[in-house]
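Dear colleague,

Please find below the structure that I am handing over to you. My notes on what was found in it follow directly after.

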Amino acid sequence: MPLIWCAISGHGYGHAAQVVPVLNALGALVPDVTAILRTTVPASFFRDSLTIPWDLQPIQQDVGCIQDGPLKIHVDETWEAHHRFHDTWDARIATEVAAMKEAAPALILADIPYLAIEAGSRAEIPTLALANLTWDLVLKEYSLASNPSQQRLLQCIREAYAKASIALRITPAPTLDAFANSLDIGSIASPAPPDREKLAAALALAPNERTVLVGFGGIPLASLPFEQIQQLRPYRFLFNGPVPAGYSRIHSTETLPFAVKTLLASVDVIMTKPGYSTIVEAVTLQQPVVYVRRYNFADELPLVDYLHRYGRGIELSLDDFTQGRWKPALQQALVSPVPSRQPTPTGAKEAATIIARYCQVQK
């Protein structure tokens with residue numbers, strides 16, 4: 001029974017959302033495959049979406065960024081967290097190597113913890129990176145050339161990534177030059193079918209009302225400009241966070257009987273930041289998107305370019321977002337044309353085909 005060791009970044013849910021379709025596609029090729037999920041992403045994320053047998057081991061794999069909600073990155077705190085992580089680097093490596101040797105997987109799949117790639121190399125197990133960004137690229141945005149400790153840490157990360165047997169660069173992505181051996185694959189998306197009629201009934205929508213999903217990924221918004229958006233007619237807003245009492249046009253997604261993927265496919269407009277899974281699924285669904293940029297995250301520009309090339313995207317400034325000046329952008333998004341070209345999300349099947357070869361070797 002082939003075993004895949006999956007090291008998944010716990011920075012939001014985007015990396016897990018890339019891995020799940022790959023493992024599901026792998027299950028169709030290798031029916032007896034199982035997975036160890038080495039991640040701090042909660043089990044609830046995988047329970048209804050991952051179709052192969054799996055075991056969750058909640059061990060921290062990397063740091064990512066320290067954030068105040070999805071739009072603000074605390075640069076100093078992020079560097080401090082990375083330095084603390086690397087203060088215990090040797091012990092972390094030893095723990096991972098010992099666990100890998102005991103489990104004896106066919107392959108180490110990392111999206112995108114460099115810890116797992118370094119440990120897999122030392123354990124002499126093939127390592128495959130699945131990535132649309134790398135942490136050295138992310139941290140480089142916040143680094144100072146004059147800071148030797150930051151530069152040493154970046155070099156350590158790059159040296160670990162370079163030990164991957166192969167890296168699969170998921171479309172869209174920036175140039176990932178830390179890897180010694182890489183291959184481009186298509187985008188990864190697994191959208192749900194829409195259920196617009198059921199959503200309209202659950203919200204008791206009037207015929208002219210339009211629904212807006214305000215979803216910023218696994219690092220939720222703390223609040224919204226509730227007073228301002230309550231006045232925005234004819235829109236109804238679905239927010240993936242708590243909603244104070246008294247706002248009849250704003251609904252918490254936690255109170256609705258729909259999975260997030262179903263809502264993505266069923267609303268009239270998606271409001272979000274440029275994060276991989278939401279953007280690629282919106283493009284696949286041809287859903288209009290109003291997005292708020294951070295302007296300091298490594299994969300943001302390729303995602304925005306991809307959205308404008310193949311999807312329906314309107315930018316909303318951070319100031320307009322926080323002040324609730326949403327209506328012009330929503331109106332523009334609703335009338336935006338559907339592009340004539342649309343990419344097929346082939347990345348999961350492509351990655352699974354490559355991983356299946358390692359499973360056949362283990363058999």
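Contact, as the word is used below, means heavy atoms within 4.5 Å. On that basis, Tyr 114, Ile 117 and Glu 118 in helix 5 meet Ile 157, Ala 160 and Tyr 161 in helix 7. Sorted by class, this contact of helix 5 with helix 7 comprises five nonpolar residues, no polar ones and one charged residue. Please bear in mind throughout that this is a predicted model.

Helix packing around helix 5

Two packed helices are described by the angle between their axes and the distance between the axes. For helix 5 and helix 7 (residues 148-161), the angle is about 55° and the axes are 8 Å apart. An angle between 35 and 65 degrees falls outside the parallel and perpendicular ranges, and helix 5 and helix 7 are therefore oblique to each other. Their crossing is left-handed.

Helix 5 (residues 114-122) also packs against helix 4 (residues 89-103): the two axes come within 9 Å and cross at roughly 60°. Helix 4 and helix 5 are therefore oblique to each other as well, but the crossing of this pair is right-handed. On the helix 4 side, the residues taking part are Trp 89, Arg 92, Ile 93, Glu 96, Val 97 and Met 100. They meet Tyr 114, Leu 115, Ala 116, Glu 118, Ala 119, Gly 120 and Arg 122 in helix 5. By class, the contact of helix 4 with helix 5 has eight nonpolar, one polar and four charged residues. Tyr 114 and Glu 118 of helix 5 appear in the contact with helix 4 and also in the contact with helix 7.

A histidine beside these helices

Which residues does His 86 touch, leaving aside its neighbours within four places in sequence? They are Tyr 114, Leu 153, Cys 156 and Ile 157. Of these, Tyr 114 and Ile 157 also take part in the contact of helix 5 with helix 7. His 86 itself lies in helix 3 (residues 75-87). Its relative accessibility is 16%, so His 86 counts as buried, the cut-off being under 20%.

His 251 and the residues about it

A second histidine, His 251, is placed in strand 10 (residues 250-252). It too counts as buried, because its relative accessibility is 16%. The side chain of His 251 makes a polar contact with the side chain of Arg 236, at 3.0 Å. Apart from residues up to four places away in sequence, His 251 touches Leu 203, Arg 236, Phe 237, Leu 238, Phe 239 and Val 243.

Leu 238 comes up again in relation to Thr 255: the C-alpha atoms of these two residues, 17 residues apart along the chain, are separated by 9.8 Å. Thr 255 is found in the loop between strand 10 and helix 10 (260-266). With a relative accessible area of 60%, Thr 255 is exposed. Its side chain reaches the backbone oxygen of Ser 252 at 2.7 Å.

Backbone geometry to note

Two cis peptide bonds should be kept in mind when the model is prepared for calculation. One joins Thr 171 and Pro 172, with omega about -5°; Pro 172 is found in the loop between strand 6 (166-170) and strand 7 (182-185). Another joins Arg 233 and Pro 234, with omega about 10°. Pro 234 lies in the loop between helix 9 (226-230) and strand 9 (235-239).Positive phi values occur in two residues other than glycine that I list here. Phi of Gln 286 is near 60°, and phi of Tyr 295 is near 65°. Is each of them buried or exposed? Gln 286, in the loop between helix 11 and strand 12, counts as buried because its relative accessibility is 10%. Tyr 295, in the loop between strand 12 and helix 12, is exposed, with a relative accessible area of 54%.

Helix 12

In helix 12 (residues 300-310), the buried residues are Glu 300, Pro 302, Leu 303, Val 304, Tyr 306, Leu 307 and Tyr 310. What covers them includes helix 11 (276-285), strand 12 (288-291) and strand 13 (312-315).

With kind regards

Terms used. Residues numbered from 1 in each chain as written. Predicted model: local features only at pLDDT ≥ 70, side-chain atom pairs only at ≥ 80, totals over all residues. Heavy atoms only, no water. Axes fitted to C-alpha atoms, helices over the stretch in contact; angles between N-to-C directions. Helix = DSSP H or I, 4+ residues; strand = E, 2+ residues; numbered from the N terminus. Parallel < 35°, antiparallel > 145°, perpendicular 65-115°, else oblique. Left-handed = near helix turned anticlockwise from the far one by under 90°. Nonpolar A, V, L, I, M, F, W, Y, C, P; charged D, E, K, R; others polar. Buried < 20%, exposed > 50% of the residue type's maximum accessible area, 1.4 Å probe, protein only. Polar contact = N/O pair within 3.5 Å; in protein donor to acceptor, adjacent residues only side chain to side chain.
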